[in-house]
Structures are given as structure tokens and as C-alpha cells.
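Could you walk me through this model in my viewer? I would like to know what to select at each stop, and what is there to see.

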Amino acid sequence: MSQTYGAVSVVLSAAALAGVALSLLYQVRQTRTSNEQAIRDSHLQLATLALRGPNRSC
């Protein structure tokens with residue numbers, strides 16, 4: 001009986017570890033996406049300012 005519980009424990013632990021690993025991968029992907037979006041937004045702001053010209057402040 002204790003071997004059965006041990007086997008079940010191993011399976012549950014492996015599933016939990018896989019869940020943590022997948023969660024970390026998802027967070028890394030989200031962080032990269034967020035950083036890329038911030039860079040794009042900065043480029044858009046710079047392009048908008050450049051197209052307005054030096055005499056326009058708004």
C-alpha cells in the first residue's frame with residue numbers, strides 16, 4: 001500500500017514541478033512581449049515628435 005502512495009506522490013510532484021516550469025516560461029514570454037511593446041511605443045512617440053517638426057510643441 002505504501003508503494004502505491006509513493007508512486008502517486010511522485011506523479012503529483014512531477015505534475016506540480018511541470019506546472020511551475022510552464023508558469024515560469026509563460027512569465028518570461030509575457031515579460032519579453034511587454035518589453036517589446038514598450039520599445040515600440042517609444043519608437044512611435046519619437047517618430048511622432050520627429051514628424052511634428054521642431055516648431056510644434058503639441
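A residue counts as buried under 20% relative accessible area, as exposed over 50%, and as partly exposed in between. Keep that scale in mind for the stops below, and remember that this is a predicted model.

**Stop 1: the whole chain.** Select everything and colour by secondary structure: the protein chain has one helix and zero strands. Its radius of gyration is 25 Å, well over the 10 Å that the globule rule gives for 58 residues, so the chain is more spread out than a compact globule. Turn the view to the principal axes, and the C-alpha atoms fill a box of roughly 80 × 10 × 5 Å.

**Stop 2: the surface.** Now switch on the accessible surface, which comes to about 5,500 Å², with carbon and sulfur atoms holding 63% of that. If you colour by burial, buried residues make up 0% of the 58 in the protein chain.

**Stop 3: helix H1.** Select residues 2–52, the 51 residues of H1. Put a distance label between the end C-alpha atoms: they are 75 Å apart, which agrees with the 75 Å span that 1.5 Å a residue should give.

**Stop 4: Thr33.** Stay in helix H1 and pick Thr33. Is this residue buried, partly exposed or exposed? Its relative accessibility is 42%, so Thr33 counts as partly exposed. Show its side chain and follow it to the backbone oxygen of Arg29, which it reaches at 2.9 Å.

**Stop 5: after the helix.** Finally, select Gly53, just after H1, and check its backbone torsions: phi is positive here, at about 95°.

Terms used. Residues are numbered from 1 along each chain as its sequence is written. This is a predicted model: local features need pLDDT of at least 70, side-chain atom pairs count only at pLDDT 80 or more; totals for chains, interfaces and linings use all residues. Side-chain values use heavy atoms; hydrogens and water are left out. Helices (H or I, at least four residues) and strands (E, at least two) are DSSP runs, numbered from the N terminus. The expected span of a helix is 1.5 Å times one less than its number of residues. Buried means under 20% relative accessible area, exposed over 50%, partly exposed in between (1.4 Å probe, protein chains only). A polar contact is a pair of N or O atoms within 3.5 Å; within protein, one must be able to donate a hydrogen and the other to accept it, and residues adjacent in sequence count only if both atoms are side-chain atoms. The radius of gyration is taken over C-alpha atoms; the globule rule is 2.2 Å times the number of residues to the power 0.38. Accessible areas come from the Shrake-Rupley method with a 1.4 Å probe; for residues, only the protein chains shown count as cover.
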